[in-house]
There are 2 protein chains.
Amino acid sequence: MKKKRPSLRDIAEVLNVSTTTVSFVLNGKGEEKKISKQLIERVENYLKEIDYKPNLIARSLRTGNSHIIVFMVEDVSNHFFSKVGRIIEDISYKHDYRVLFCSTENDAKRTREHIEVFKERQVDGFIIVPPPGIKEAVEDLQQNGTPVVLFDRKIEGIEIDSVLLNNYEGSRNATLHLIEQGFKNIAFITIDLNQNQMLDRLAGYRATVKEAGLTEYILTLPYDPDRASDSRKKIQEFIAAHPQLDSIFFATNYLSQSGLKTLHQIDSNLVSNLGIISFDDSYFFEMYAPTISAYAQPIELMAKELMRLMLDRIQKKNEALNVEEVNLDGELIIRESSLKKYTRL
Amino acid sequence: MKKKRPSLRDIAEVLNVSTTTVSFVLNGKGEEKKISKQLIERVENYLKEIDYKPNLIARSLRTGNSHIIVFMVEDVSNHFFSKVGRIIEDISYKHDYRVLFCSTENDAKRTREHIEVFKERQVDGFIIVPPPGIKEAVEDLQQNGTPVVLFDRKIEGIEIDSVLLNNYEGSRNATLHLIEQGFKNIAFITIDLNQNQMLDRLAGYRATVKEAGLTEYILTLPYDPDRASDSRKKIQEFIAAHPQLDSIFFATNYLSQSGLKTLHQIDSNLVSNLGIISFDDSYFFEMYAPTISAYAQPIELMAKELMRLMLDRIQKKNEALNVEEVNLDGELIIRESSLKKYTRL
DNA sequence: TTGAAAGCGCTAACAA
DNA sequence: TTGTTAGCGCTTTCAA
């Protein structure tokens, strides 16, 4: 049933040349290795004729690389990560790399297991959104000389290429925007995740509110996504306890989404009457009524920077390179929800 | 810098046994091959001690398989596909397979290229959402004995395992529901994609409307996503031309999304006054005001069926199996938007 | 019950 | 300018 594909050796035999010759021509090293024009042409023609495809596994075994890049994120089906992944896939494809997506679930053990397997599969590089507790595994990769680029989050106490969002600035901008629109009692709703990107956002909010002489109102919800109804109750209580609130800043887009739903359930006018802004954009914010303002992460730029670093590191694998920490700014997208309200103010 | 990992041979030398022995023990074939208990134990202990990880590439080269499954969809960042992919990833992980996600962009050439590369990489199976024009490539894989399971769409004139949605029934159910709620002038908005899943949905709508003695109103929009503004205009004209419409059935979730936005722009009361239902659910439908009814695809079940077939085919690679076409039913999720309206009727 | 050795298909150092 | 050949690390047949 399975017709065996011809191997290099088969080809060499048919053409009556050595496998070396075929290999060199195949890899475009014909000229460099001073193989005659005619021979090159003859080989190339034959390769084309039989539409020869080399066995990539054999090549990997020999060369030690695989032209595969791993993209490890918390959840590949998360909108933000999947969009970034999509662009990474495209850039990789153009450079003849493939991308293995995988979900860490923010779990260190699972992540370490994945890393082990991929290492044994000779993947050429890792782009990782690091869960807590994988510092050693990452250092190990670095020791090994495997390119690693961190994304979205840092690991403290380790020198490593990273592409990050300037969370503090973003949070500050969003808060400032609300203040400029005349909001005085701005709530910040976040999750109790002890990770620097969330802490920076909180810090940005607090500093800005304080600077403006306003009071801070902070609600911290449990991270556990299974306890959505708990969160709903907490939001409801929070709103009830602070009737003076005129606006809400959600620290991440899935909070905004569930938050909007909750607000709507509490009182269908609430969403229109409160100033609302979200950290992280969502494609549904512009279809909502009112449309929801957001501080958007620069998805395309992030993907490009990740791949720029990755391809560079792969190429210059044996040179010592300066570690780069790329801090990108997002963009404040002002829609209806964060504009001055006349109904309530 | 790179400390070389120990190979099977190294281990054999250290233990003063043959590589065969180590290999057998490593693969749990010790007993079967009648290696003595003590030896097995000695080898196992050493393997554990040095935390030996075999080189998976070498193994692949030798065995001809890779424990990698490819999941090819139109766009990996599409909500529906990424959710299915996420579950497939999980199931695979439990069976010690990894998943290579890749986007076809519904383009035959790109898809064929991907298939070629993956074939040379010895992937163990393909789950494919087939774009038009890849029938031959798929048949080729089948010839090769590589497991292929189609998802979401069929390829006409080819016997192949597939997991599909029962589009006709789904469309019928959604239409019936609107009729039961008292809607009389139901529009069907679709895209001009000549693929059977879309045609079945259209057919389901038409048959049901006809059966109920109602008039059909069909708007077909161009597929090209770049021409969103065109679509908006067409929707607007369509609504204007048929003031008697009391409800709209969108044939796919991204149509619903852009459609809702358009409706809202035309007249902010329109969304509340029309009956609305969407083929395909979206997580944002339940946050919208009003919440949007939908015929939801059974994401988890689909992923499970895909993997059931895939793992089965991989395992029984050399047996002739009956082709299975799994047709799944979705679920009608009734929310506010499709309930009887009192404001307009 | 264990070991020797032949490959899987490719690359590249070395020889001719 | 081209060819010979030794591996890459593993599995598995055959021999001992």
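A polar contact is a pair of N or O atoms within 3.5 Å, where within protein one atom must be able to donate a hydrogen and the other to accept it, and residues adjacent in sequence count only if both atoms are side-chain atoms. The model is predicted, so that local features need pLDDT of at least 70 and side-chain atom pairs count only at pLDDT 80 or more, while totals for chains, interfaces and linings use all residues. Residues are numbered from 1 along each chain as its sequence is written, chains are lettered from A and ligands numbered from 1 in the order in which they are written, and side-chain values use heavy atoms, with hydrogens and water left out.

**Exercise 1.** Work out which side-chain atoms approach DNA strand D, and which part of the strand each one meets.

*Solution.* Begin with the phosphates: a phosphate oxygen of DNA strand D lies 3.0 Å from a polar side-chain atom of Ser23(B), and in chain A a polar side-chain atom of Thr21(A) is 2.9 Å from a phosphate oxygen of the strand. Then turn to the bases, where an N or O atom in the side chain of Thr20(B) is 3.3 Å from a base oxygen of DNA strand D.

**Exercise 2.** Describe the protein surface near DNA strand D, counting a residue as near if one of its heavy atoms lies within 4 Å of the strand.

*Solution.* First, the strand is surrounded by 27 residues, the closest being Thr20(A), Ser36(A), Leu8(B), Tyr52(B) and Arg62(B). Next, by class, this surface has nine nonpolar, 12 polar and six charged residues, where Ala, Val, Leu, Ile, Met, Phe, Trp, Tyr, Cys and Pro count as nonpolar, Asp, Glu, Lys and Arg as charged, and the others, Gly among them, as polar. Finally, α4(B) provides the largest share, four residues, helices being DSSP runs (H or I, at least four residues) numbered from the N terminus.

**Exercise 3.** Characterise the interface of chain B and chain A by its residues, its buried area and its salt bridges.

*Solution.* Taking contact as heavy atoms within 4.5 Å, each of chain B and chain A contributes 56 residues. The buried area, meaning the accessible area (1.4 Å probe) that two parts lose on being put together, summed over both, is about 5,700 Å², with 53% of it on carbon and sulfur atoms. For salt bridges (a side-chain nitrogen of Lys or Arg within 4 Å of a carboxyl oxygen of Asp or Glu), the count across the interface is 10. One pairs Glu105(A) with Arg86(B), their closest N and O atoms being 2.6 Å apart.

How values were computed
A residue is near a molecule or strand if one of its heavy atoms lies within 4 Å of it. Helices (H or I, at least four residues) and strands (E, at least two) are DSSP runs, numbered from the N terminus.
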